[in-house]
Amino acid sequence: MTDDASTYDEGVRLQKALANAGVASRRVIEQYIVEGRIRVNGRTVTELGTRIDPENDLIDVDGTAVQLDVSKRYVMLNKPTGVVSSMKDEKGRPDLRRFTKEYEERLYNVGRLDAETSGLLILTNDGELAHVLAHPSFGVTKVYIAKVQGIVTPQTIAKLTKGFDLEDGFISADKARLLDTSRNTSLVELTLHSGRNRIVRRMMAEVGHPVVDLVRRQFGPLHLGTLPAGQSRELTKIELGALLTLSREENPADATPGDVQEKQ
């Protein structure tokens, strides 16, 4: 893609690329172009002759990113407890292969959940997106529901949001709220953008309420909803658009595969 999209003579016509990606029919997309609703690499295009490079150019429609590569697959998994976030566990424990074998593509997990934690995990063959979203400096927001020992007080909730020091540095929850108490346990919702190792469990232990059960309900714009434990589904176009848009807002230059170290 050149600086001036309208003078780019190679590549694929914009309306054809978007139609192939399932955005809408060519006729509808042409109308979008005329109305100025489509951007290429951040610049609005209004000429029907616009051509793009589908492998390199970034397209968004009404501010929502579009994936032009139809070979990319994006799957939401409700990871059950007892399964490690790995495609092959050296210790022979149950791993993610049981959930990816039904897909032709070779899928990988975005970040990790420890074996005792259940909930939302993304599986994809989009390596670039996986590295960006799991990179510590990107700080995708995650929402957890923790069942903990003891009766959590408002003072404890305030301490979680105010923050405190752990052995690897200061930490605070973006949000925290008490959902319920029953006998000698409490349900706490924590919103965090940290990707530090087992951070929810360590935070709750630090405030005197060890975790009994932990589930991740949300990852960025994605919500687990009613997806049963052990089940998976492909992301909807709306979910994928929101996820791609998030990933393109900030792409750490140093986001390499070796840097991805998230586990809850």
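Colleague: What is the mean pLDDT of the chain, and what share of its residues reach 70 or more?

Modeller: This is a predicted model, so start with confidence, the predictor's own score for each residue. The chain averages a pLDDT of 89. Of its residues, 91% reach 70 or more.

Colleague: Over which residues does pLDDT stay under 50?

Modeller: Residues 1–8 are one such stretch. The model has 18 contacts beyond four places in sequence for them. Residues 252–262 also have a pLDDT below 50. That stretch has 24 contacts in the model beyond near neighbours in sequence.

Colleague: Next, sheets. In what order do the four strands of the open sheet run?

Modeller: Read the order across the sheet, then the direction of pairing. Here the order is S3-S2-S5-S6, with antiparallel pairing. The sheet is open. Strands S3 (43–44) and S6 (64–66) are its edges, and each pairs on one side only.

Colleague: How many bridges join S5 to S6?

Modeller: Three bridges join them. S5 covers residues 59–61 and runs antiparallel to S6. For a single pair to look at, take Val61: its bridge partner in S6 is Thr64.

Colleague: Which helix lies across S5 and S6?

Modeller: Helix H7, residues 237–249, does. Its direction makes an angle of about 100° with S6.

Colleague: Now strand S9. How many of its residues are buried?

Modeller: Burial is read from relative accessible area, and buried means under 20%. S9 spans residues 117–124, and eight of its eight residues are buried, so the strand is largely enclosed by the rest of the structure.

Colleague: Which way does S7 run against S9, parallel or antiparallel?

Modeller: Antiparallel, with six bridges between S9 and S7, residues 74–79. Asn78 faces Leu120 of S9 in this pairing. S8, residues 108–110, is also antiparallel to S9, through three bridges. There, Asn109 has Leu123 as its bridge partner in S9.

Colleague: How many residues lie between the strands in the hairpin of S8 and S9?

Modeller: Six. Look at Gly111 in that hairpin: its phi is positive, near 70°.

Colleague: And S15, does it run parallel or antiparallel to S9?

Modeller: Parallel. Three bridges join S9 to S15, which covers residues 211–219. Thr117 has Leu214 as its bridge partner in S15.

Colleague: Arg216 sits in S15 too. Is Arg216 buried or exposed?

Modeller: Buried, because its relative accessibility is 0%. For a sense of distance, compare Arg216 with Gly195. They are 21 residues apart along the chain, and 13 Å separates their C-alpha atoms.

Colleague: Which residues other than glycine have a positive phi?

Modeller: Check phi residue by residue, then place each case in its element. Asn41 is one, with a phi of about 55°. Asn41 lies in the loop between S2 (38–40) and S3. With 38% relative accessibility, Asn41 is partly exposed. Arg198 is another, its phi near 50°. Arg198 lies in the loop between S14 (185–192) and helix H6 (199–206). Arg198 is partly exposed as well, at 32% relative accessible area.

Colleague: How many residues of H6 are buried?

Modeller: Six of its eight, leaving the helix mostly covered. They are Ile199, Val200, Arg201, Arg202, Met203 and Met204.

Colleague: Why do residues three or four places apart in an α-helix point the same way?

Modeller: An α-helix has 3.6 residues a turn, so that spacing brings them round to the same direction. Use that idea when you view H6, whose buried residues include Ile199 and Met203. After H6 comes Gly208, with a positive phi near 85°.

Colleague: Back to the start of the chain. Where is Lys16, and is Lys16 buried or partly exposed?

Modeller: Lys16 belongs to helix H1, residues 14–20. Its relative accessible area is 36%, so Lys16 counts as partly exposed. Its C-alpha atom is 10.0 Å from that of Ile52, 36 residues away along the chain.

Colleague: Last topic, rings. How many aromatic pairs does the structure hold?

Modeller: Zero. For rings, also check for charges over a face. Lys159 lies over the face of Phe164, 5.7 Å from the ring centre.

Key:
Residues are numbered from 1 along each chain as its sequence is written. This is a predicted model: local features need pLDDT of at least 70, side-chain atom pairs count only at pLDDT 80 or more; totals for chains, interfaces and linings use all residues. Side-chain values use heavy atoms; hydrogens and water are left out. pLDDT is the predictor's confidence in each residue, from 0 to 100. Contact means heavy atoms within 4.5 Å. Two strands pair if DSSP finds at least two bridges between them. Helices (H or I, at least four residues) and strands (E, at least two) are DSSP runs, numbered from the N terminus. Axes are lines fitted to C-alpha atoms, for helices over the stretch in contact, and angles run from 0 to 180 degrees between N-to-C directions. Rings of Phe, Tyr and Trp (its six-membered ring) pair if their centres lie within 6.5 Å; planes under 30 degrees apart count as stacked, over 60 as edge-to-face and the rest as tilted. A charge sits over a ring if NZ of Lys or CZ of Arg is within 6 Å of the ring centre and within 35 degrees of the ring normal. Buried means under 20% relative accessible area, exposed over 50%, partly exposed in between (1.4 Å probe, protein chains only).
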